[in-house]
Amino acid sequence: MGLGRFIPQGARDALAKFIEIHPTENGSSDVQMAVDSSNVFGNPSSGYRSPTTNAPLVDLRDARPTQRKEAVKNSRFLRAKLGIVKALFENTSRYTLGRGLTPSSSCEDREWAKKADDVFDLVTSSKKFDIREDLTFTAMQKVILPDVMCDGDCGAAPVRDGEGRPRLQLFPSDAIGDHYGSGPSYFDRDGAKWNDGILRTREGTPVAYRILKDPRWRFQFPKERPYFDYPSAYFYHIGRADRINANRPLPWLHHGDQSAVNILDLNALEMAAAKLNSYFAACIKTVGGQVPEGWEDILSREDEDVATQDANGNSDTQTIERTYANLFGGAAIPVLDTNEELQFFNNARPSQTFAGFIDYLIGDIAVGFGIPKEFVWSLSGLAGPQARLVLQQADWFFADIADMLIADFCQPVWEGVIQDAMTRGILDPPAADTNWRAVQWQGPGSLTIDKGRDGKLHLDMIKSGLGRRSSWHEMTGKNGDAELRKSVEEIRKIMDMCDEMGVPHHYFFGKDLTPANGSPATPEEVANALEDRQQMIEEE
């Protein structure tokens with residue numbers, strides 16, 4: 001049903017420049033508000049202007065593909081031009097990943113689990129795991145996560161090289177998209193529909209992903225297919241869903257891009273004002289604009305063409321002489337007449353208002369991004385409880401991001417590599433009734449400003465039976481089970497060396513660690529005795 005039946009002719013003419021009617025696939029009309037020239041992103045001082053990308057805030061639909069791409073364009077521009085945005089992406093990735101999320105199989109078949117960890121490390125620790133031979137598995141994480149924050153999403157596909165070995169191919173966000181005018185692929189089915197590079201069923205289940213050979217439009221030769229279609233089972237779509245039933249997520253900076261570009265604008269204007277004040281250091285007040293007495297030898301004169309207009313409106317150009325004193329080449333003592341005055345300018349920049357507004361804009365960017373403003377800008381001035389709260393909130397944020405990356409990328413890669421190894425006979429299957437997919441992913445340690453305080457609290461919890469020794473290692477960014485095994489192996493190694501050289505154990509561990517019956521102590525007994533000794537020292 002057309003729009004004209006509901007709007008009178010006069011009002012329709014007034015709205016003609018604001019409303020466009022776009023036909024949809026079923027033949028009905030879809031009304032879309034056109035972009036007003038006054039509603040733009042940025043201004044000339046920042047060096048960037050584009051249509052605003054606030055469509056999801058003014059209607060109940062997803063951002064259209066063109067609007068999402070414009071948001072990505074804005075985010076990439078700010079990442080390249082504004083240091084606070086670049087630091088926000090890179091520091092978030094650094095605190096979330098540390099040296100990279102590393103897996104440790106939790107399969108009940110411990111012998112198989114150790115072999116699986118070795119196989120995964122052997123395959124993914126080389127740059128050849130990347131089809132471009134640029135990145136290892138952990139390096140991929142450090143490239144993927146900032147790109148997901150900047151662009152909203154990205155993709156990866158498990159592939160094989162010419163010798164049949166497993167590899168991984170990464171795709172940026174702009175490589176995933178529709179190609180209009182191309183015929184349907186063999187993935188199309190009843191009820192399924194392509195939307196911004198993703199083929200979904202009526203229920204929303206992804207069926208396939210379309211990867212463009214060249215994201216920029218170019219001429220296609222007849223029968224040349226400009227894209228590849230990947231089944232969803234063989235494609236990892238990495239991104240954080242921002243609402244229910246969303247198709248493609250927006251860049252994480254989308255909520256703060258206006259504040260970010262305002263910082264660029266204010267910086268440009270403040271820099272221009274500071275340079276202007278620095279260039280004109282002083283002003284000479286005279287009568288009638290005459291040259292002051294004693295300035296003739298140090299004055300500089302330049303001719304400047306100035307546009308003028310006569311009474312009839314005709315344009316003309318007039319050449320006038322600009323006179324100024326250039327004192328920067330050396331010291332000078334001017335001689336002024338009694339009616340002349342040398343007045344210096346006071347460059348009071350940046351103003352307190354400017355600094356306060358910049359602080360507000362950075363806070364708006366950080367909160368919209370999902371992280372406390374104090375963590376991004378400065379922790380100085382905060383009391384201990386406030387600083388701990390800020391770090392705890394930031395730690396929750398980083399944990400959420402790690403969960404997203406594990407679910408969308410790390411876990412699928414682990415399962416693909418291990419399943420491929422078992423299929424090719426490199427790795428035997430685990431014992432029956434064991435879950436070979438169970439994996440523990442270890443990231444960096446928790447953020448804290450009281451490591452000693454946290455360590456004592458954790459030791460007290462272990463003594464009271466409310467904690468595990470291994471969990472302390474996990475809090476510090478290490479694998480708990482592996483660290484415990486290392487501790488026991490180290491004690492066993494020391495005991496074997498003492499036995500080999502005929503040195504009694506108590507010379508190294510102390511008499512209180514030697515069993516009363518004189519029999520050799522086991523590493524487990526020594527570890528327990530060391531813990532009891534530490535407890536006695538603390539109680540004293």
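Which helix lies across β6, β7 and β12? Keep that in mind as we walk through this predicted model.

**Start with everything.** Show the whole protein chain as a cartoon. You're looking at 15 helices and 17 strands. Of the 540 residues, 34% are buried. Now switch on the surface: the chain exposes about 33,000 Å², and carbon and sulfur atoms supply 53% of that.

**Next, pick out a sheet.** Select residues 153-160, which form strand β6, then add β7 (166-171) and β12 (236-239). Together they make an open sheet of three strands, in the order β7-β6-β12, with antiparallel pairing. β7 and β12 are the edge strands, each pairing on one side only. Look along the sheet and you can follow its twist, which averages 25 degrees from one strand to the next. As a bit of background, strands of a sheet pair through backbone hydrogen bonds, either parallel or antiparallel.

**Zoom in on one pairing.** β6 and β12 are joined over four bridges in the antiparallel sense. Select Cys154 and you'll find Ile238 of β12 standing opposite.

**Now add the helix.** Select residues 137-151. This is α6, the answer to the opening question: α6 lies across β6, β7 and β12, running at about 145 degrees to β6.

**Last stop: a surface patch.** Select Met497, Met501 and Val503, which make a nonpolar surface patch of about 290 Å². Val503 sits in the loop between α13 (480-501) and α14 (506-509). Is Val503 buried or partly exposed? Val503 counts as partly exposed because its relative accessibility is 35%.

Technical notes. Residues are numbered from 1 along each chain as its sequence is written. This is a predicted model: local features need pLDDT of at least 70, side-chain atom pairs count only at pLDDT 80 or more; totals for chains, interfaces and linings use all residues. Side-chain values use heavy atoms; hydrogens and water are left out. Patches are made of residues with over 30% relative accessible area and no salt bridge: like charges are joined within 9 Å, nonpolar side chains (Val, Leu, Ile, Met, Phe, Trp, Tyr) within 5 Å. Accessible areas come from the Shrake-Rupley method with a 1.4 Å probe; for residues, only the protein chains shown count as cover. A salt bridge is a side-chain nitrogen of Lys or Arg within 4 Å of a carboxyl oxygen of Asp or Glu. Helices (H or I, at least four residues) and strands (E, at least two) are DSSP runs, numbered from the N terminus. Buried means under 20% relative accessible area, exposed over 50%, partly exposed in between (1.4 Å probe, protein chains only). Two strands pair if DSSP finds at least two bridges between them. Axes are lines fitted to C-alpha atoms, for helices over the stretch in contact, and angles run from 0 to 180 degrees between N-to-C directions. Contact means heavy atoms within 4.5 Å.
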